[in-house]
Amino acid sequence: MGILTLLHQITHAIRYNPKELVQKSQEAKEQAYCPYSKFRVGAAVLTSDGTVFTGCNVENASYPLGLCAERTAISKAVSEGYISFKAIAIASDLEDRFISPCGACRQFMREFGSQWDVYMSKSDGSYKLMTVEELLPSSFGPDDLRKGKNPVGNSKL
């Protein structure tokens, strides 16, 4: 067995249960700080090695400074050294439709790839699956900056 075959098997061996990821996002929602909108959101992001990071929305009296749950969860993961993701689940108190990430969160997720899963849920735990690519087609991402010289000089690109 070649090393590439072994790596492929290991990568695909890390399975996850979407319902468990949605449940973790629902639990994260309970921590939401939303005294202005009263709109609670939670997120749970799954890294490529199976680690899960959760986050909730955090509002601010200066409205534009608030943080969405998705960006909170992803930022927690990145701050711990993770930049490769398999999936994210998002939860809210919406009963009649699936919670969808805002445009800023879609672009934030796109920074880390376009082919990972996004589970948008309802309050009852049911969910709709889409990929980042489906949520943000024809997107701009890190590869677009690699095509030319990087004027910023960021070593992570």
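Which residues do ring pairs link into a cluster? Select Phe85, Phe108, Phe112 and Trp116, for these are the residues that ring pairs join into a cluster. The model on display is a predicted one, and the tour begins at this group of rings.

**The aromatic cluster**

A search of the whole structure finds seven aromatic pairs. Begin with Phe85 and Phe112, whose rings form an edge-to-face pair, 5.5 Å centre to centre with 85 degrees between the planes. This pair links distant parts of the chain, 27 residues apart: Phe85 belongs to strand S3 (residues 85–92), while Phe112 is in the loop between H4 and strand S4 (117–121). Phe85 counts as buried at 6% relative accessibility, whereas Phe112, at 21%, counts as partly exposed.

Keep Phe85 selected and add Trp116. Their rings form a tilted pair, with 5.3 Å from centre to centre and 35 degrees between the planes. Because Phe85 lies in strand S3 and Trp116 in the loop between H4 and S4, the pair ties together parts that are 31 residues apart in sequence. Both Phe85 and Trp116 are buried.

Another ring to select is Phe98. Lys122 lies over the face of Phe98, at 4.8 Å from the ring centre.

**The annotated position in helix H3**

Move next to Glu70, in helix H3 (residues 69–79). An unreviewed UniProt entry places the feature "active site" at Glu70. With a relative accessible area of 4%, Glu70 is buried. To view its surroundings, show Ala43, Ile88, Ile90, Pro101 and Cys105, with which Glu70 is in contact when neighbours within four places in sequence are left aside.

**A buried arginine**

Now select Arg110 in helix H4 (residues 103–110). Which side chain of opposite charge is nearest to Arg110? It is Asp144, 4.9 Å away; Arg110 is buried yet has no salt bridge. The cut-off for a salt bridge is 4 Å, so the distance of 4.9 Å to Asp144 does not qualify. Not counting residues up to four places away in sequence, Arg110 touches Val132, Leu136, Ser139, Phe140, Gly141 and Pro142.

**The salt bridges**

The structure has a count of four salt bridges. Select Lys29 and Asp93, whose side chains meet in a salt bridge of 2.8 Å, N to O. Lys29 is in helix H2 and Asp93 is in the loop between S3 and H4, 64 residues apart, so this pair links distant parts of the chain. Lys29 counts as buried at 6% relative accessibility; Asp93, at 34%, counts as partly exposed.

Extend the selection to Glu30 and Arg40, which form a salt bridge with their closest N and O atoms 3.0 Å apart. Both residues lie in the loop between H2 and S1, and the pair ties together parts that are ten residues apart in sequence. Together, Lys29, Glu30, Arg40 and Asp93 are linked in a network of salt bridges.

Then turn to helix H6, where Arg146 and Asp143 are three residues apart and are therefore separated by about one helical turn. Their salt bridge brings the closest N and O atoms to 2.5 Å apart. Arg146 is partly exposed, with a relative accessible area of 44%.

**Two loop residues with positive phi**

End with two loop residues. Lys38, in the loop between helix H2 (18–29) and strand S1 (41–47), has a positive phi of about 60 degrees although it is not a glycine. Ser138, in the loop between helix H5 (132–135) and helix H6 (142–146), has a positive phi near 50 degrees and is likewise a residue other than glycine. Lys38 is exposed, with a relative accessible area of 60%, and Ser138 is exposed as well, with 77%.

Methods:
Residues numbered from 1 in each chain as written. Predicted model: local features only at pLDDT ≥ 70, side-chain atom pairs only at ≥ 80, totals over all residues. Heavy atoms only, no water. Helix = DSSP H or I, 4+ residues; strand = E, 2+ residues; numbered from the N terminus. Buried < 20%, exposed > 50% of the residue type's maximum accessible area, 1.4 Å probe, protein only. Lys, Arg positive; Asp, Glu negative; His and termini not counted. Contact = heavy atoms within 4.5 Å. UniProt positions renumbered as here; feature names shortened; annotations may be inferred. Phe/Tyr/Trp six-rings, centres within 6.5 Å; stacked < 30°, edge-to-face > 60°. Lys NZ or Arg CZ within 6 Å of the ring centre and 35° of its normal.
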